[in-house]
Amino acid sequence: MFLQDKVLIVTGVGPGMGSKLCRIAAEQGASVAVSARSEGFISELVEELHIAGHDAIAVPTDVSDDYQCRRLAAATVEAFGRIDGLVNSARSRTRSRQIEQADLASWPPVMDVTCFGALRMSLAVLPTMKAQQDGAIVNVGTISTVWPGSGEANYAVAKAALGGLTRHMAAEFAQYNIRVNHTRMGVLWGASIQRLVRTRAKDEGRTEQDIIDDFIRNIPLGLIPPDDECAKSVLFFVSDLARMVTGATLDINGGQYMAP
């Protein structure tokens, strides 16, 4: 098990890749602090993990609030004694207008959760990781930063800032043996994309396979990457297999975008 005896915090946990991160981490031997604004969902997920014999706690957290971030870190230490890894996957994603008609007042809240929220959580776990002289932080990004999509500018800008923040944290935190890396996610086959496929097929009078084929046309591996497989790639950065990797960006998208 590649996460045996690790203690991991995952933020922004929902029914997509976030829940897969928690399940796989637990199956691979980690104790997991499950966090999101929605208390009901994360409590159900933790109950599921407990039934399967895993150690986990649910800590409702809004990463736009400093106090709640510190509370999550403290609850994790209280429950498990340490913090080995933090996966910053909390985000705010609201559909924006074309840039020409952008409502700039709607952009700062997206940045506050998506980028600054990751920074708040990283600072919240930093004292514990410094004391341990060990730790790993993974900031979850998006292909939208390098593959522009209509109406995604505010989200992409926040995630691009997160990529830059990753490199600066990696450089500064290395003195404490804390690694900081970045994943750039493409389209993920999970609950949300499945709903989108069904909706588009109905609205456009096409088959669901037609819609799926639209997505995979530009994906060399020939499928929409499953969110559980993508979660494993994210968790690689938390594991000891990546102990010599920091400040890196890993594209997880089936080859849709290949960084030069």
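**Sheet order, helix packing and a pocket in the predicted model**

Strand 2 (residues 31-34) pairs with strand 3 in the parallel sense, and 3 bridges link the two. Within this pairing, V32 is placed opposite A56 of strand 3. These assignments, like all that follow, refer to a predicted model. The two strands belong to an open sheet of 7 strands, arranged in the order 3-2-1-4-5-6-7 with parallel pairing. Strand 3 (56-58) and strand 7 (249-252) occupy the edges of this sheet; each has a single partner strand, so one side of each is left without a neighbour in the sheet. From one strand to the next, the twist averages 15°.

Two helix pairs were examined for their packing. In one of them, helix 3 (residues 66-80) and helix 5 (residues 116-132) have axes that come within 8 Å and cross at roughly 35°. The crossing of helix 3 past helix 5 is right-handed. Helix 3 contributes D66, C69, R70, L72, A73 and V77 to the contact, where they meet R120, M121, A124, V125 and T128 of helix 5. By class, the residues of this contact comprise 7 nonpolar, 1 polar and 3 charged.

In the other pair, helix 4 (residues 107-114) packs with helix 6 (residues 153-173) at an angle of about 35°, and the axes lie 9 Å apart. Helix 4 and helix 6 likewise form a right-handed crossing. On the side of helix 4, the contact is made by W107, V110, M111 and T114; the residues met in helix 6 are A153, N154, Y155, V157, A158, K159, A161 and L162. The composition of this contact is 9 nonpolar, 2 polar and 1 charged.

The second largest pocket of the model was also characterised, and a volume of about 150 Å³ was computed for it. Its lining consists of 11 residues, and those nearest the centre of the pocket are I99, P148, G149, E152 and A153. Among these, A153 is also one of the helix 6 residues that meet helix 4. Divided by class, the lining of the second largest pocket holds 4 nonpolar, 5 polar and 2 charged residues.

Note on methods:
Residues numbered from 1 in each chain as written. Predicted model: local features only at pLDDT ≥ 70, side-chain atom pairs only at ≥ 80, totals over all residues. Heavy atoms only, no water. Axes fitted to C-alpha atoms, helices over the stretch in contact; angles between N-to-C directions. Helix = DSSP H or I, 4+ residues; strand = E, 2+ residues; numbered from the N terminus. Left-handed = near helix turned anticlockwise from the far one by under 90°. Contact = heavy atoms within 4.5 Å. Nonpolar A, V, L, I, M, F, W, Y, C, P; charged D, E, K, R; others polar. 1 Å grid on protein atoms, 1.4 Å probe; cavity = no way out; pocket = protein on both sides within 12 Å on 5 of 7 lines; lining within 4 Å. Points joined across faces, edges and corners; volume = space filled by probe spheres on them. Pairing = 2+ DSSP bridges.
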